[in-house]
Amino acid sequence: MTTQKLPEYWMRGPVPGITTLLQPVAHALLQAQDEIHSMMTDFPDALLWKPLAGLASVGFHLQHLVGVQDRLFTYARGETLNPQQLNYLSSEGKQPEGATVASLLEAFDWQTAQSMLQLKTTSPETLPEPRVVGRLKLESTVIGLLFHAAEHTMRHTGQLLVTEKAIRM
């Protein structure tokens with residue numbers, strides 16, 4: 001029996017509970033989650049941190065996807081990063097003890113769920129509000145940060161796809 005592949009998220013209709021203006025963000029995050037789970041099926045834990053031609057490892061991408069969503073959504077709420085987030089940032093790319101594909105995917109799924117909850121509670125009226133990013137307090141907006149979280153997630157999903165395929169060869 002053949003299972004029918006679902007269309008990409010943007011062709012599945014609106015994500016319930018999320019304002020129209022943030023649907024593209026939700027679609028991108030959910031699409032990345034689908035693609036990452038698909039590509040990581042049967043990926044060996046032993047290859048998570050294997051270097052390949054100077055590219056970031058599969059493990060790094062999985063860590064970074066969690067961290068970047070967490071940081072950008074934090075800035076979108078108008079908050080600064082806490083010490084735990086700064087520690088996570090400095091540890092990205094370093095192999096944590098006991099890390100597995102399953103544990104990294106679980107962390108990514110949890111963070112994506114948190115991001116989706118925040119999208120559901122983000123009022124459209126707040127989208128143009130100014131926000132600052134990082135220690136330099138670079139200027140952005142709520143919608144700019146949320147859009148960049150989606151774009152950056154998809155960028156690393158693509159990089160992860162290439163690295164994962166090459167490592168398996």
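Which residues have the most contacts inside the largest nonpolar core? In this predicted model, they turn out to be Ile18, Leu22, Val25, Met116, Leu119 and Leu146, and the core they belong to has 23 residues. Helices H1, H2 (58-76), H4 (101-121) and H5 each chip in with at least two residues of this core. There is also another core lying apart from it, made up of 18 residues, including Trp49, Leu65, Leu105 and Ile167.

Leu22 is a good place to look around. It sits in the segment before helix H1, which runs over residues 23-39. With a relative accessibility of 0%, Leu22 falls under the 20% cut-off, so it counts as buried. Leaving out residues up to four places away in sequence, Leu22 touches Leu119, Thr122, Leu127 and Leu146. Leu138 is another matter: 116 residues along the chain from Leu22, its C-alpha atom is 22 Å from that of Leu22. Ile18, with the same sequence neighbours left out, touches Gln23, Ala26, Met116, Leu119 and Lys120.

Now for a pair of helices. Two packed helices are described by the angle and the distance between their axes. For H1 and H5 (residues 142-168), the axes come within 9 Å and cross at roughly 15°. That angle is under 35 degrees, so H1 and H5 are roughly parallel to each other. The crossing of H1 past H5 is left-handed. By class, their contact has 13 nonpolar residues, plus three polar and three charged ones. On the H1 side, the residues taking part include Val25, Leu29 and Ile36, while H5 brings in Leu146, Phe147 and Leu161, among others.

Methods. Residues are numbered from 1 along each chain as its sequence is written. This is a predicted model: local features need pLDDT of at least 70, side-chain atom pairs count only at pLDDT 80 or more; totals for chains, interfaces and linings use all residues. Side-chain values use heavy atoms; hydrogens and water are left out. Helices (H or I, at least four residues) and strands (E, at least two) are DSSP runs, numbered from the N terminus. Buried means under 20% relative accessible area, exposed over 50%, partly exposed in between (1.4 Å probe, protein chains only). Contact means heavy atoms within 4.5 Å. Axes are lines fitted to C-alpha atoms, for helices over the stretch in contact, and angles run from 0 to 180 degrees between N-to-C directions. Angles under 35 degrees count as roughly parallel, over 145 as roughly antiparallel, 65 to 115 as roughly perpendicular and the rest as oblique. A crossing is left-handed if the near helix is turned anticlockwise from the far one by less than a right angle, and right-handed if clockwise. Ala, Val, Leu, Ile, Met, Phe, Trp, Tyr, Cys and Pro count as nonpolar, Asp, Glu, Lys and Arg as charged, and the others, Gly among them, as polar. A nonpolar core is a set of buried Ala, Val, Leu, Ile, Met, Phe, Trp, Tyr and Cys residues joined through side-chain atoms within 4.5 Å.
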